[in-house]
2 protein chains.
Amino acid sequence: MSSAEDRVLDAAKRCCERWGLDKVTIDDIAHDSGVSRATLYRLFPGGKDVLFEALRVRELDEFFTVLRAEVEGAGSFEDLIVRTVVCATNELRADEHLALMLGSEPGETLSQLTVDGLPRIIRVASAYLVPLVEPYLQRASAIRLIDVLARLVISYFLAPSDHLDLGDEQSARAFLRPLISAMTLTVSHPT
Amino acid sequence: MSSAEDRVLDAAKRCCERWGLDKVTIDDIAHDSGVSRATLYRLFPGGKDVLFEALRVRELDEFFTVLRAEVEGAGSFEDLIVRTVVCATNELRADEHLALMLGSEPGETLSQLTVDGLPRIIRVASAYLVPLVEPYLQRASAIRLIDVLARLVISYFLAPSDHLDLGDEQSARAFLRPLISAMTLTVSHPT
DNA sequence: TGACAATGAGACATTTACCGTCTTACTGTC
DNA sequence: GACAGTAAGACGGTAAATGTCTCATTGTCA
């Protein structure tokens with residue numbers, strides 16, 4: 001059985017998909033989750049903002065949990081990076097909730113992907129992925145790499161290019177190879 | 001160029017699909033239709049209730065306008081009835097707005113199809129279809145026939161049967177034939 | 001030009017909905 | 001029987017939506 005927090009967050013997600021962020025009320029979420037408003041405030045003191053903040057955190061954690069599981073055990077640095085980018089891209093494309101939100105509330109959703117929310121995305125991405133990269137790179141380089149990869153994946157997800165499909169392994173590999181060898185060289189022969 | 005009324009009703013329909021009946025506000029509809037609130041109240045004095053009432057009337061008229069055009073010119077009584085039932089069923093099944101409403105607000109939508117709204121549906125159905133049936137039946141019989149057919153079409157649309165598909169001509173014809181001949185007999189040899 | 005109808009913008013009082021907190025009563029657990 | 005966790009809902013304050021009004025603007029016709 002799932003925790004009360006999770007049930008509330010699930011309800012928030014459902015309500016959000018159904019009515020949109022600014023039409024949802026605390027009562028909607030309380031009803032949908034089968035939890036009283038009092039309990040909801042106990043779980044998420046601060047109301048809607050805190051609740052949706054928590055929801056975003058959970059979604060982000062889920063995203064990178066899945067991603068890490070998919071790329072763990074890559075045999076080489078290049079494979080690790082390519083698979084990470086490809087899997088992340090495809091995971092984004094398969095995210096129905098994200099698609100709904102982008103369709104119904106592009107403003108807020110884009111902001112979460114590119115402005116307000118991006119620092120957190122990169123922070124969480126680092127927490128999950130830097131450990132996987134560290135065997136091949138110095139920590140600082142790993143952090144920078146994850147940072148730039150996250151930005152690239154998001155950008156190409158939001159605005160696909162005719163010349164590059166980061167969801168396709170061959171295309172992604174061809175694109176990433178020079179970047180990868182550049183980084184490796186940088187580490188091997190630091191200035 | 002469409003009339004202001006139609007633009008407002010179109011907006012109401014869009015808003016309703018997006019947010020659901022009880023989350024939509026007059027302002028939402030006014031904005032979406034590019035009309036000021038004052039004008040909206042001038043066009044539909046009474047606000048949301050009157051507006052959505054008018055929308056239902058329009059949808060119903062459209063539905064039966066399409067239906068009548070599809071069945072006009074049937075060569076026989078049986079053909080007329082069968083085509084009416086088949087076309088009505090398929091028109092219902094193809095109605096995206098209706099499908100959305102049934103999905104997001106089953107309670108209100110079902111009520112409009114089966115309880116509160118049914119008398120009007122039958123009234124409008126009669127207005128459109130009885131004239132087509134009258135060449136074959138007495139007026140009173142025609143009215144009773146349209147009444148029962150409307151109920152059947154709606155019921156089988158909402159809850160399809162394994163034994164009967166009113167959207168399929170053969171199935172519908174087989175089902176309707178006895179009913180049709182019974183009515184014809186009744187008229188030919190009234191008690 | 002000037003009367004006129006139609007509309008947009010928005011002020012306004014009123015009503016409704018929502019919020020956040022709090023109390024009370026209930027339920028299961030130790 | 002104390003206790004923690006919860007549902008239910010009362011409560012006052014705040015925000016949003018409603019419905020009505022006025023006024024300025026626009027386009028039309030005489």
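This passage looks at how two protein chains relate to each other and to DNA strand D in a predicted model.

It is convenient to begin with the pair of chains. Superposing chain A on chain B takes a rotation of 178° with a shift of 0.1 Å along the axis, and the RMSD is 0.1 Å. Such an operation is the relation of a two-fold axis. The same surface serves both copies, since 100% of the contact residues of chain A recur in chain B. Within chain A, the residue whose C-alpha comes closest to the rotation axis is Trp19(A), at 2.6 Å.

The contact itself draws 5 residues from chain A and 5 residues from chain B. On the side of chain A that touches chain B, the classes break down into 1 nonpolar, 2 polar and 2 charged residues.

Attention now turns to the nucleic acid. Around DNA strand D there are 17 residues, and those that come nearest are Ala38(A) and Thr39(A) from chain A, together with Thr25(B), Ile26(B) and Gly47(B) from chain B. By class, this surface near DNA strand D has 7 nonpolar, 5 polar and 5 charged residues.

Which helices supply at least two residues each of the surface near DNA strand D? In chain A this is α3 (37-43), and in chain B both α2 (26-33) and α3 (37-43) do so. Of these contributions, the largest share belongs to α3(A), with 4 residues. The reader following along in the structure may like to start from Ala38(A) and Thr39(A), which are among the residues that come nearest to DNA strand D.

Terms used:
Residues numbered from 1 in each chain as written. Chains lettered and ligands numbered in written order. Predicted model: local features only at pLDDT ≥ 70, side-chain atom pairs only at ≥ 80, totals over all residues. Near = placed C-beta within 6 Å. Nonpolar A, V, L, I, M, F, W, Y, C, P; charged D, E, K, R; others polar. Contact = placed C-beta atoms within 7 Å. Least-squares fit on C-alpha atoms with pLDDT ≥ 70 in both.
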